[in-house]
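Here is a friendly walk through one chain, meant to be read with the structure open beside you. We will begin at a turn and work outwards from there.

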Amino acid sequence: MFTQLADDPDGAPPAEGVPVSAKIRERLLAARKRFHANDNIADFLEPGELELLLDEVEAKMQGVLDSMVIDTAGDHNTQNTARRVAKMYLGEVFKGRYAKQPAITEFPNAEHLNELMIVGPITVRSACSHHFCPVIGKLWIGVLPNEHTNVIGLSKYARLVDWVMGRPQIQEEAVVQLADLIMEKTQPDGLAIVMEASHFCMSWRGVREMDSKMLNSVMRGVFLKDPALRREFLSLIPGRN
């Protein structure tokens with residue numbers, strides 16, 4: 001129970017002392033927006049809050065190290081580990097949660113291109129949602145445009161991949177998220193994505209199987225309906241035959 005302040009006629013508790021993560025979470029709940037590990041929440045961050053979130057994650061990471069009985073004060077190797085881990089999560093490996101979608105310039109299909117185009121391999125750097133272990137691999141994108149398709153630069157596919165994969169992900173869900181995004185941006189007749197990745201949650205821990213990889217695909221539009229087109233796409237992926 002709190003004491004109502006004189007300048008607070010609605011009886012709401014003062015905001016000071018409320019963690020920035022709680023403020024962000026309240027905005028998401030008020031907007032009825034999901035904030036799962038693989039969701040982007042950039043629209044709900046106010047200026048300066050990412051820096052405050054960095055401080056908060058650092059403090060909590062320091063608590064984890066303390067609970068693991070690591071002498072971070074006396075151990076020169078871990079003195080700044082909490083800060084480094086916080087920076088890594090928010091600004092690097094999970095940046096896709098907190099940064100806005102990269103700017104993508106779209107051009108009309110002036111030449112009415114309608115032939116299969118394949119982009120890849122694009123490097124995938126992600127982490128599994130279950131253990132926050134790295135997921136490293138490569139990905140190929142096949143697009144069958146039509147005269148109304150928006151054309152985007154080849155490098156933009158890599159930027160979109162980096163943005164979607166830069167979150168705690170499950171591979172099966174990640175490729176679907178990416179497919180939805182590319183379909184929305186380009187509106188092609190068909191889209192195909194194949195991803196192959198090594199999961200460190202399987203090689204670094206658990207069964208410690210070093211050579212196993214996961215391979216999965218998403219097919220949209222004509223790639224679903226036309227087996228010949230699907231075979232052509234798969235046959236043109238280097239090293240996948």
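Let us start at a hairpin: strand 2 and strand 3 are joined by five residues, and Phe132, in that hairpin, has a positive phi near 60°. Please keep in mind that this is a predicted model. The two strands of the hairpin run antiparallel and are held by nine bridges. Strand 2 covers residues 117-128, and strand 3 covers 134-144. If you would like one pair to look at, Met117 stands opposite Val143 in strand 3.

**The sheet around the hairpin**

In which order do the five strands of the open sheet lie? The order is 5-2-3-6-7, and the pairing is mixed. Strand 5 (168-169) and strand 7 (214-221) each have a single partner strand and stand at the edges, so each has one side without a neighbour in the sheet.

Strand 5 pairs with strand 2 in the parallel sense, over two bridges. Ala127 stands opposite Pro168 in strand 5, and Cys128 has Gln169 of strand 5 as its bridge partner. As you look along any of these strands, it helps to recall that side chains in a regular strand alternate between the two faces of the sheet.

**Helices on the sheet**

Helix 5 (residues 154-165) packs on the sheet and touches strand 2, strand 3, strand 5 and strand 6 (190-199). The direction of helix 5 makes about 20° with that of strand 2. Helix 9 (residues 227-235) lies across strand 2, strand 3, strand 6 and strand 7, and runs at about 135° to strand 3.

Leu154 gives a residue-level view, since this residue is found in helix 5. Setting aside residues up to four places away in sequence, Leu154 touches Met117 and Val119. Met117 is the residue already met opposite Val143. From Leu154 to Gly120 there are 34 residues in sequence, and their C-alpha atoms are 9.4 Å apart in space. Is Leu154 buried or exposed? Leu154 counts as exposed because its relative accessibility is 55%, and the cut-off for exposed is over 50%.

**A nonpolar patch**

Ile136, Phe200 and Trp204 make a nonpolar surface patch of about 320 Å². Trp204 sits in the loop between helix 7 (200-203) and strand 7. With 60% relative accessibility, Trp204 counts as exposed.

**Salt bridges**

How many salt bridges does a search of the whole structure find? The search finds nine, and three of them are set out below, with the distance between the closest N and O atoms.

| Basic residue | Acidic residue | Closest N and O atoms |
|---|---|---|
| Arg27 | Glu46 | 3.6 Å |
| Lys100 | Asp43 | 2.6 Å |
| Lys60 | Glu56 | 3.2 Å |

The bridge of Arg27 with Glu46 links distant parts of the chain: Arg27 is in helix 1 (residues 20-30), while Glu46, 19 residues apart from it, is in the loop between helix 1 and helix 2 (49-67). Arg27 is partly exposed, with a relative accessible area of 22%, and Glu46 is also partly exposed, at 43%.

For the bridge of Asp43 with Lys100, Asp43 lies in the loop between helix 1 and helix 2, and Lys100 in the loop between helix 4 (95-98) and strand 1 (107-108), so this pair ties together parts that are 57 residues apart in sequence. Asp43 counts as exposed at 61% relative accessibility, and Lys100 is exposed with a relative accessible area of 54%.

Lys60 and Glu56 are separated by about one helical turn, because they are four residues apart in helix 2. Lys60 counts as exposed at 54% relative accessibility, whereas Glu56 is buried at 13%. Elsewhere, Arg27, Glu46 and Glu49 form one network through salt bridges that share partners.

**The chain as a whole**

Stepping back, the chain has nine helices and seven strands. Of its 241 residues, 38% are buried. Among contacts with a separation of 6 or more, 67% are between residues 24 or more positions apart. The accessible surface of the chain is about 14500 Å², and carbon and sulfur atoms account for 54% of it.

Technical notes. Residues are numbered from 1 along each chain as its sequence is written. This is a predicted model: local features need pLDDT of at least 70, side-chain atom pairs count only at pLDDT 80 or more; totals for chains, interfaces and linings use all residues. Side-chain values use heavy atoms; hydrogens and water are left out. Two strands pair if DSSP finds at least two bridges between them. Contact means heavy atoms within 4.5 Å. Axes are lines fitted to C-alpha atoms, for helices over the stretch in contact, and angles run from 0 to 180 degrees between N-to-C directions. Patches are made of residues with over 30% relative accessible area and no salt bridge: like charges are joined within 9 Å, nonpolar side chains (Val, Leu, Ile, Met, Phe, Trp, Tyr) within 5 Å. Accessible areas come from the Shrake-Rupley method with a 1.4 Å probe; for residues, only the protein chains shown count as cover. A salt bridge is a side-chain nitrogen of Lys or Arg within 4 Å of a carboxyl oxygen of Asp or Glu. Buried means under 20% relative accessible area, exposed over 50%, partly exposed in between (1.4 Å probe, protein chains only).
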